[in-house]
Amino acid sequence: TLDTTSLTSDVTTLRVGTRKGSWTLTADGAERDGWTLSEPTMLGHVIQHVMADPREPARVLIAARTGHLGPTVMRSQDGGATWQEAKRPPAFEPGDVHGRSVRAVFWLTPGPAAQPGTWFAGASPQGLFRTEDHGDTWTPVSGWNDHPDWPTWAEWPDVEGTPDGSMLHSVNIDPRDPDHLYLGLSGGGVFESTDGGADWVPINGGVAADFLPDPDVPYGHDPHCVRMHPLQPDRLYQQNHCGIYRIDRPATRWQRIGDAMPREVGDIGFPVELHPRDPDTVWVFPMDGTDVWPRSSPDGRPAVYVTHDAGTTWERQDDGLPERAWFTVKRQAMCVDRNDPVGVYFGTTCGEIWASSDEGATWRQIAAHLPEIYSLEVG
């Protein structure tokens with residue numbers, strides 16, 4: 001089980017993926033100030049996700065879409081000082097019956113502590129892949145990729161079903177049982193496996209699907225990000241195309257906790273992040289969810305919102321943020337550390353990174369003028 005006790009790190013590192021390369025930001029001490037930005041890695045290439053291995057932090061993986069290598073995974077064993085491409089990146093089986101090929105490696109999730117070297121990767125189109133050797137060789141998870149309902153769940157061959165292309169994301173592993181998995185499809189919905197990925201079922205009851213003729217369908221939804229709390233794994237939160245939700249298993253229907261958000265702000269956005277020690281505390285970054293979907297802050301007034309009671313009430317956190325700005329935050333571009341108090345971070349579509357060392361009460365800009373931020377992770 002993940003150790004989520006209170007920690008105060010001597011050094012905090014943020015790993016940044018952008019539309020044109022990867023960077024790191026580091027700060028010393030409990031106050032987490034005096035941030036230093038590194039030189040870029042893989043400058044000019046699309047970096048979808050950068051993750052340090054929490055089991056062996058010197059190991060880092062990058063999900064990249066490169067001009068010369070195509071979609072791939074890059075690996076470092078020395079904290080990012082040197083990099084090697086995976087010998088066998090995520091790919092569908094040769095002669096795939098659906099004619100699929102990976103267009104992008106989109107999401108990375110490290111496996112459980114008891115399985116060192118194991119990672120999962122989500123791709124576009126919506127494939128699931130696994131490695132057991134720290135990301136060097138990847139194999140398809142056939143129980144998902146070859147499931148007889150996959151073409152219907154994944155809306156194949158409509159790989160452009162969402163504005164950024166359809167993708168598999170939000171791979172969550174139950175820390176009590178490594179065979180218990182959840183994942184998200186944009187579009188498609190949330191799916192669950194209890195046998196290590198051999199079989200899957202949709203779990204979307206209670207989630208709105210305003211864009212479909214039948215709003216209460218079993219699949220076809222558009223979750224933007226799904227998070228499982230490490231100390232309370234039966235609780236999941238979801239930021240969806242149609243609201244913010246919570247489920248406490250074994251319940252099978254999600255509750256729309258975003259209904260408690262201010263009406264003028266709404267409950268549409270991409271990221272959702274959890275307090276590492278308090279299952280009732282959650283941060284989101286709303287965006288304009290009106291009919292034209294401008295993908296900017298509501299009314300150009302950016303703010304984080306936090307709940308301390310599992311979504312019953314929400315509080316606006318904008319102290320230090322610009323009064324007017326038109327950015328938004330992508331699904332992988334918000335994260336938290338495990339310090340006490342918790343640090344909260346987000347990267348914007350305008351290439352800025354903002355940090356709070358007091359759980360969102362106040363904010364300061366720690367980087368600017370980067371390419372559009374695709375992912376932000378504490379490593």
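What is the volume of the second largest pocket? The volume is about 310 Å³, the space filled by probe spheres set on grid points joined across faces, edges and corners. A pocket is here an open set of points on a 1 Å grid over the protein atoms alone, where a 1.4 Å probe fits, with protein on both sides within 12 Å along at least five of seven lines; lining residues have an atom within 4 Å of a point.

This is a predicted model, in which local features need pLDDT of at least 70 and side-chain atom pairs count only at pLDDT 80 or more, while totals for chains, interfaces and linings use all residues. Residues are numbered from 1 along each chain as its sequence is written, and side-chain values use heavy atoms, with hydrogens and water left out.

**Pocket lining**

The lining of the second largest pocket comprises 19 residues, and Gln48, Phe106, Asp164, Met167 and Lys330 lie nearest the pocket centre. Strands S4 (46-52) and S8 (104-110) are the elements that give two or more residues to this lining. Strands (E, at least two residues) and helices (H or I, at least four) are DSSP runs, numbered from the N terminus. By class, the lining holds 6 nonpolar, 6 polar and 7 charged residues; Ala, Val, Leu, Ile, Met, Phe, Trp, Tyr, Cys and Pro count as nonpolar, Asp, Glu, Lys and Arg as charged, and the others, Gly among them, as polar.

**Strand S17 and its partners**

Strand S17 spans residues 235-240, and 6 of its 6 residues are buried, that is, under 20% relative accessible area, whereas exposed means over 50% and partly exposed lies in between (1.4 Å probe, protein chains only). In a regular strand, side chains alternate between the two faces of the sheet. In S17, Arg235, Tyr237 and Gln239 point one way and Leu236, Gln238 and Asn240 the other. Both strand pairings of S17 tabulated below are antiparallel; two strands pair if DSSP finds at least two bridges between them.

| Partner of S17 | Bridges | Hairpin connection |
|---|---|---|
| S16 (residues 223-228) | 5 bridges | 6 residues |
| S18 (residues 243-248) | 6 bridges | 2 residues |

Cysteine 225 has glutamine 239 of S17 as its bridge partner, and asparagine 240 has glycine 243 of S18.

**Nonpolar cores**

A nonpolar core is a set of buried Ala, Val, Leu, Ile, Met, Phe, Trp, Tyr and Cys residues joined through side-chain atoms within 4.5 Å. The largest has 32 residues, of which Leu128, Trp144, Leu183, Leu185 and Trp200 touch the most other members. The largest share of this core, 4 residues, comes from S12. Leaving aside residues up to four places away in sequence, leucine 183 has contacts that include Leu128, Trp144, Leu168, Val171, Phe191 and Trp200, where contact means heavy atoms within 4.5 Å.

**Two loop arginines**

Arginine 176 lies in the loop between S12 and S13. Beyond its neighbours within four places in sequence, arginine 176 is in contact with Pro233 and Asp234. Its C-alpha is 21 Å from that of phenylalanine 129, at a sequence separation of 47 residues.

Arginine 88 is found in the loop between strand S7 (84-85) and S8. With a relative accessible area of 43%, arginine 88 is partly exposed. Asp136, Thr137, Trp138 and Thr139 are touched by arginine 88, not counting residues up to four places away in sequence. Valine 73 is 15 residues from arginine 88 in sequence and 8.8 Å away in space, C-alpha to C-alpha.
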